[in-house]
Amino acid sequence: MMGLSAAVRWWEESQLRVLVLASLFLQFFLLCTAAWRMSRIPSWLRSCIWLAYLGSDAAAIYALATLFNRHKLAPANGSILEVLWAPVLLIHLGGPISISAYNMEDNELWPRHVLTLLSQVSVSLYVFCKSWPADGERLLFQTAALLFTIGIIRFSTKPWALKSASINNLVPTRESLYGRRKMFRFFVFYWAQNTSDAVAWQSAARRVHGAAAAEGITVTSVTDEDISIQEYVRQAKKICVDEGTTRYASSMSPGIRSSRVTEDIVFRMLVDAYRQLGPRLLGDSVLHSSDRLKALRSFLELDDRPRMQMLEVMLHRMFNLLYTKEKVYLATLGHYVRCITLVLSFAAIGMFAKAHKDGYSKGDVTVTYILLCFNAATEMTQYCPILLPLRLREEGVATPVRAIVAQQNLMSFVARRNRPTRWMMLAALIRFDDYVNKHWHVGHSASSLSIMMLVLRQLEDGWMEDIQDAASFRRFNDRRGHWTLKRSSHKHVVRRCSSQAQAVLLSSLQLPFDESVVIWHIATDLCFHHPDATRPPPQDTATTSRDISNYMIYMFFLRLEMLIPGARKDMLITACDDIEGMLKHDDEPPLDERSLAQGIIHKQRHFPWVFSDITSPLIPKACKLAEALMEISGVEERWKVIQGVWVEMLCYSASNCRGYLHSKSLGEGGEFLSYVWLLLAHMGMETFADKFNRPNLFEDDDTASAATADGGSASSPHQDGVPTAPDEITPATA
C-alpha cells in the first residue's frame with residue numbers, strides 16, 4: 001500500500017515532466033522517420049509513424065492541459081520553469097518540417113488546426129500570465145517571450161501548409177504561375193555554385209524559348225488564349241519529329257550534340273517547369289497546351305536515364321508539396337520565418353544559460369535545456385534538403401530506387417487457397433485468410449526501368465507514326481491493346497492466324513477494361529506455362545509482360561480505385577472461385593501456378609463439361625484467348641504482341657486514374673502507376689482531366705449523322721476507342 005501511494009506521489013510530481021519528454025520523443029521520431037513514408041518500408045514501421053503523427057498532437061495538448069491544471073489555482077504548485085515549457089509545447093504542435101499531413105484527408109482539416117492554434121495559444125498565454133511572478137527573473141521572462149514567438153510562428157506554419165495542399169488551394173492561378181519569379185530566383189540560388197553557372201542557366205532558358213519561337217512553336221503568355229487541340233498536336237508532333245531527327249544525327253555524328261543546351265541545364269529547367277505542371281496534375285486540373293509543349297520539349301532534350309531520374313525527382317516534389325512544409329518554407333515569407341525562428345532559438349538558449357537558476361529543481365533545469373537544444377537542432381534541419389537529391393549524378397543513373405513494381409498473381413493466389421500457409425490457417429479462424437493471402441504475399445520486381453523504356457518507346461512511336469491530327473491523338477490516348485495489333489510490325493503476324501483467332505483477340509479488347517485485364521492476365525499465364533510451347537519464351541519479353549500483368553492484378557487486389565474508375569471488386573474472387581470449381585474433382589490440388597495453369601488447359605481440352613460448374617465466362621474466354629495467342633507463329637512475335645498489349649493497358653490505367661488518387665498513394669509509399677502517369681503527362685498525352693474536358697466531343701457524331709442523311713454509312717470503325725475487326729485487321733484470304 002505504501003508503495004502504491006509513493007508511486008502516485010511520484011506521478012503527481014513528475015507527470016508533466018514525463019509528458020513533455022514523451023512529446024519530445026515523438027517529435028524526434030517523426031523528424032527521423034517521416035521522410036521514409038515515400039519509400040517501401042515495412043507496414044509495422046508505417047503504422048508506428050501514423051501513431052506518432054496522431055500521438056504527437058495528443059501528447060502536447062495533454063501536457064498543456066496538465067500544465068493548466070497545475071497552475072490555474074496556485075502558482076506555487078509548480079515550478080516557474082514549467083511555464084517555459086508551454087511555448088515549447090506549441091512548437092511541438094507545429095510539428096517538424098518533414099511532415100505536415102499523413103494522408104490527403106488531413107490537408108482538408110486545416111480549419112480544425114486553426115481552431116486548435118487559437119485555443120492552445122490562449123491556454124499557454126493564460127498559464128504564463130497567471131503563473132509568472134511580478135518579480136520574476138528578467139532573463140527567464142525574455143526567454144519565455146522568445147519561445148512564445150517561435151511557438152506561435154511554428155504552430156502557424158502547420159495550418160498554413162495544410163491549407164496550401166488542400167484540393168481547393170492546390171492549383172494556383174495562371175497569373176501567379178507566370179507572374180511571380182520568386183521560385184525561379186530561389187532555384188537559381190539553390191543550384192548556382194558560382195555566378196557563371198546561374199548566368200548559363202538563364203541564358204539556356206532564353207535559348208530554348210528563342211529556338212521554340214524560331215521553329216514556329218508558339219509559347220503563349222499569361223493573357224493569350226490557349227491554343228486549339230489541333231494546333232497543339234501539330235506543334236507537339238513537330239517537336240517530336242525534330243528531336244528524333246536531331247538524335248539520329250547525333251548518333252551518326254557525336255559532335256553535333258555539343259552545340260545544344262547541356263543536359264544538366266535542361267534537367268534544372270525541367271524541375272523548374274514542374275511548378276507549372278505539378279500542382280495542376282495533382283489537382284486534376286486541365287493542363288494548358290503551352291505548358292505541355294514546354295514540358296514536352298524540355299523532357300525530350302534529356303537522354304533516357306536522366307528522364308527516369310527526372311520523374312523520380314518530380315514525384316518527390318509532389319510528395320513534399322502534399323505532405324511536408326516545403327511549400328511554406330520555400331515561399332518568400334517562409335525564408336524570413338526560417339531565419340527568425342533560427343536566430344530566436346539560439347538566442348533563447350543563450351538567455352536561459354545566463355539566467356539565475358538557483359533554487360530551481362535540477363531535473364526541471366535539465367529538461368528545459370534538452371527542450372531548448374532540441375528545438376535549435378530542429379531549426380537547423382530546416383536548411384537541409386527535405387527529401388530530394390536534385391543533382392544530376394555524374395555516374396549513370398540506374399532505375400529509380402522507389403519505382404518498384406509490386407506483384408500479385410491470380411494462379412498463385414488460388415494455389416495458396418488450396419494449400420494455405422501456416423499464417424493463413426491461423427487467420428482462417430477469424431475469417432481473415434483472404435486478407436493475409438492478398439497483403440502478405442505481395443512480391444516485388446526490379447523491372448521498372450525496362451517497363452518505363454517500353455512505355456517511352458511506344459509514346460515516341462505514336463508521335464512519329466500514328467498521331468497526325470486531333471482525332472488520331474484522341475484515339476491513341478484511348479488505346480487499350482488494339483494499337484499493338486494494328487501496327488505494321490505485328491499486323492502481318494496476326495493476320496496469319498485463323499479468322500476465329502483474330503476475332504477472339506479483338507473481342508478480348510472490346511470488353512470492359514477490368515474484365516479485359518483479368519482475361520489477359522489468365523491468358524498470359526496460360527501461354528507462359530502452355531504444354532504445347534516448343535521453345536521456352538524469351539526471357540526479357542516474357543518477364544516484362546508477366547511483371548506488368550502481375551502488377552495489374554496487384555492493383556486489382558489492393559488498389560482497385562486506381563486501376564480504373566468503376567472497376568468491379570468481386571471479379572477476381574469470382575475468377576478464383578471458378579478456377580477452384582473447375583479443379584474440385586482432382587484428387588490432388590495444384591501446388592503452384594504452373595501446375596494450376598496446365599491443369600486448366602487440360603480440363604479445357606479433355607473435359608469441357610467442367611465449364612458448366614462455373615458462374616462467369618472469364619475462364620472460358622481466357623482459355624480461348626490463350627489458344628488464339630498460341631496460333632501466332634514464332635514465340636518471340638507472340639510475346640512481343642502480349643507485351644505491347646500490356647504496355648497499352650498499363651498506360652490506359654495510368655491516364656484514367658485521378659490525380660487525387662496518385663497524390664494519395666504518394667503518402668502510402670507511392671505506386672509504379674504514378675511514374676507511368678507522370679511520363680504520359682510529360683510526353684504530351686492526355687490526363688484524366690483532359691479526357692473529360694475535350695472540346696468538340698461530338699464532332700465525329702455530327703459528321704456521321706450528316707453522312708447518314710446523305711445516304712452514306714454511319715457505322716464508325718471504333719467503339720469506345722477500340723477498333724472493330726473489319727477496320728483494323730482483315731483475316732487472311734485463302
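**Terms and cut-offs in a predicted model**

Student: How do you know that the span of helix 14 (residues 304–323) agrees with the expected one?
Tutor: Helix 14 has 20 residues, which should span 28 Å at 1.5 Å a residue, and its end C-alpha atoms are 29 Å apart, so the two agree. The expected span is 1.5 Å times one less than the number of residues. Helices are DSSP runs (H or I, at least four residues), numbered from the N terminus. This is a predicted model, in which local features need pLDDT of at least 70, side-chain atom pairs count only at pLDDT 80 or more, and totals for chains, interfaces and linings use all residues. Residues are numbered from 1 along each chain as its sequence is written, and side-chain values use heavy atoms, with hydrogens and water left out.

Student: What makes helix 14 mostly covered?
Tutor: Of its 20 residues, 18 are buried. Buried means under 20% relative accessible area, with exposed over 50% and partly exposed in between (1.4 Å probe, protein chains only).

Student: Why is Leu84 called buried?
Tutor: Its relative accessibility is 1%, so Leu84 counts as buried. Leu84 lies in helix 3 (residues 80–94).

Student: Which residues does Leu84 touch, leaving out those up to four places away in sequence?
Tutor: Leu84 touches Leu140, Thr143, Ala144, Leu147, Phe352 and Thr368; contact means heavy atoms within 4.5 Å.

Student: Why do Cys240 and Cys576 count as buried?
Tutor: Cys240 has 7% relative accessibility, so Cys240 is buried; Cys576, at 0%, is therefore buried too.

Student: How many disulfides are there?
Tutor: The count is zero, where a disulfide is a pair of cysteine sulfur atoms within 2.5 Å.

Note on methods:
Helices (H or I, at least four residues) and strands (E, at least two) are DSSP runs, numbered from the N terminus.
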